[in-house]
Protein chains: 2
Amino acid sequence: MKTAPRKTADLSAQIAHAIRDAIVSGELIVDARLPSEAELSEQFQVSRPTVREALKRLAAQSLIRTQRGATGGAFVNRLSFEDAYSQQITTSTLLLSMNAVSFDTACEARYALERACAPLSAQRRTADQLATMRAEIFRQAQPGLTDEAFCASDVTFHRALVDGADNPVLSYQLAGAVEAMQPLMNMITFTARSREEIIAMHTRIADALEARDADIVDTALVDLEHYTQQLAHDVAERKRKPA
Amino acid sequence: MKTAPRKTADLSAQIAHAIRDAIVSGELIVDARLPSEAELSEQFQVSRPTVREALKRLAAQSLIRTQRGATGGAFVNRLSFEDAYSQQITTSTLLLSMNAVSFDTACEARYALERACAPLSAQRRTADQLATMRAEIFRQAQPGLTDEAFCASDVTFHRALVDGADNPVLSYQLAGAVEAMQPLMNMITFTARSREEIIAMHTRIADALEARDADIVDTALVDLEHYTQQLAHDVAERKRKPA
DNA sequence: GACTTTTAAATGTCAGACAAATAAAAATTT
DNA sequence: AAATTTTTATTTGTCTGACATTTAAAAGTC
């Protein structure tokens, strides 16, 4: 943990960076206890509030956790896949909402990623995951289902597909992308889409996964992508000429 | 921006959450100025240091930026793709180093993702991107190249492939994954690998992209994955029986 | 009108204090 | 001696008040 300063940034940012480097480099390992705030302020020659601002920055990234009391302090946090998920979902969601990403672009990315894990999922999906997908398809067919619940079920369905690849790294990367983009898509295609058609494609996917046929899963995902794109275009068209 | 408290977390965490919600929900739009720290401490009925800790949390996630001076303050930040990249790289790197992810798993995920954008890249790669890849291949063939420089060149090469898909969302998702995993892979396969073989496969990929032949790109990536996996197993084997 | 100076507002930083939680040590009781 | 209770020390959480620094606008000057 060096005291090397960096450009003319906030002291708290510099200190946060120094500690982050120490964590990334392995100088501070998981569950290691950082020096107390008083000691850190001594080491870095800054006041305690400044040290605290630095620690809050790290806490916001789930890099450390803090505990009060006699044996308390700040500890290097083991970054869990779940923490990483939720961070990625927040980041992706904001990225999409703030940067005027076209629907086509987002949709293309989402299905490209999902198709990447389809072959693995066809090989490895468990009976449980298949059952989850079937259950969600059943739920989607219920007449009284609200649009929100249909969307949530859609996310769960695709999440099960992704998890079927049995690769936590892939799940982490994809679930974030899918969950961030699904609401965006649902928002746009809410009004126009036909639940029957979507359910039919979901069923094709589930059937193909059951048969462990990667090609059919891929084809069905391509069809689903095209259908979604078509919907978006129809909606845009309708807005232009509302009559 | 509500004052609704949440469980028994830090006040600064609660406040950060409240402001984050306001940003995500669109209540605070990009470039909107937050109330001053004094006003926020009035609104939330806490002291200024507590407000500041909350703001630092948000700053750590690139959700806000601050400016000093008369017309200064905290402003909602437009989350750029670059910001999102660097955050994802940090997160992914730590996730891998802290969770004992097997080499096979990381490798599989990395190539699955890269293969997802290969077809798009074959369609859309620009002459520039192709030139970048050729240049990196040339660099990789230089005899005096250090291992570190070879790795960096490798990352640049694959980054160009990913960018060839011309989809910023895909680039964001994949570049993060590739950059986070590449060092891990290089670390393991440093000693054993043959630069000639890797260069040969890179050349195949570049040739196929030039010819816009997605299938050959895919095959070459599969081969590269298998080669990398084989290397890792050889290295592990050698460690077990060092004689 | 152009330039300089002043001023006000905002963040950045500091110092010192107290509250609250927590575990270990000490004291007390059984 | 063992169990329980009390005390104590340590550490984070929070507050108050102050000063430094930066910055743009307002005021003043030529």
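A polar contact here is a pair of N or O atoms within 3.5 Å; within protein, one must be able to donate a hydrogen and the other to accept it, and residues adjacent in sequence count only if both atoms are side-chain atoms. This is a predicted model, where local features need pLDDT of at least 70, side-chain atom pairs count only at pLDDT 80 or more, and totals for chains, interfaces and linings use all residues. Residues are numbered from 1 along each chain as its sequence is written, chains are lettered from A and ligands numbered from 1 in the order written, and side-chain values use heavy atoms, leaving out hydrogens and water.

**View 1. Polar contacts to DNA strand D.** Arg48(A) puts a side-chain N or O atom 2.8 Å from a base oxygen of the strand. Phosphate oxygens get partners too: a polar side-chain atom of Arg52(A) sits 3.0 Å from one, and one of Asp10(B) is 3.3 Å from a phosphate oxygen.

**View 2. The protein around DNA strand D.** Count a residue as near if one of its heavy atoms lies within 4 Å of the strand, and 23 residues surround it, with Arg48(A), Arg68(A), Ser47(B), Thr50(B) and Arg68(B) the closest. Of the strand's atoms within 4 Å of the protein, 72% belong to sugar or phosphate and the rest to bases.

**View 3. Helices α6(B) and α7(B).** Helices are DSSP runs (H or I, at least four residues), numbered from the N terminus. The axes (lines fitted to C-alpha atoms over the stretch in contact, with angles from 0 to 180 degrees between N-to-C directions) of α6 (127–140) and α7 (147–163) of chain B come within 9 Å and cross at roughly 160 degrees. That makes the pair roughly antiparallel (over 145 degrees).

Key: Helix = DSSP H or I, 4+ residues; strand = E, 2+ residues; numbered from the N terminus. Parallel < 35°, antiparallel > 145°, perpendicular 65-115°, else oblique.
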